[in-house]
Amino acid sequence: METVEYRISDNKDELDLEAICRLLAGSYWAASRPRERIVASIRNSLCFGAYAPDGRQVGFLRVVTDKATFGWVCDVIVDPEHRGRGIGKRLLAAMLDHPELQGVYLTLGTRDAHGLYEQFGFTRRELMERRRSG
């Protein structure tokens, strides 16, 4: 298998909203999230994009954070055609190396990717949640 170099960036100006909406529409956690809510979530978060050599966005990761004490890692997703190439790991590594997240307590919720996150030091804990409609 040939090695393809993917680029990771935290520059929001590079994010492809269409690609992000398409990726999230295929997820179990955000399939029905409206576009306007995705736009607001990006505006209010630290975001990372993964880009194929041709420039297409093929991955996304978002952190809701105060950049001082707490961050919620969410919307971590890689295009199915590009999975298995270490892109998720590269997104997580870039996030953990980001200067604005040093010393910040990070948490996340996942239904199916525990092994990936455990490789980066995340541990399983009980999560409580309160959901609101709308």
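In the predicted model, a polar atom of the Ser-9 side chain lies 3.0 Å from the backbone nitrogen of Asn-11. The side chain of Ser-9 also takes part in a polar contact with the side chain of Glu-14, at a distance of 2.9 Å. Ser-9 itself belongs to strand β1, which spans residues 7-9.

The relative accessibility of Ser-9 is 9%, and the residue therefore counts as buried, the cut-off for this class being under 20%. When neighbours within four places in sequence are set aside, the contacts of Ser-9 comprise Glu-14, Cys-47, Phe-48, Gly-49 and Tyr-51. Glu-14 thus appears both in this set of contacts and as the side-chain partner of Ser-9 in the 2.9 Å polar contact.

The surroundings of Ser-9 may be placed within the chain as a whole. Four helices and five strands make up the secondary-structure elements of the protein chain, and their order from the N terminus is β-α-α-β-β-β-α-β-α. Strand β1, in which Ser-9 is found, is accordingly followed in this order by two helices.

The protein chain contains 134 residues, of which 39% are classed as buried; Ser-9 is one of the residues that count as buried. With regard to contacts between residues at least 6 apart in sequence, 60% link residues at least 24 apart. The exposed area of the protein chain amounts to about 8,500 Å², and 48% of this area is supplied by carbon and sulfur atoms.

How values were computed:
Residues numbered from 1 in each chain as written. Predicted model: local features only at pLDDT ≥ 70, side-chain atom pairs only at ≥ 80, totals over all residues. Heavy atoms only, no water. Buried < 20%, exposed > 50% of the residue type's maximum accessible area, 1.4 Å probe, protein only. Contact = heavy atoms within 4.5 Å. Areas by Shrake-Rupley, 256 points an atom, 1.4 Å probe, with all protein chains shown as cover. Polar contact = N/O pair within 3.5 Å; in protein donor to acceptor, adjacent residues only side chain to side chain.
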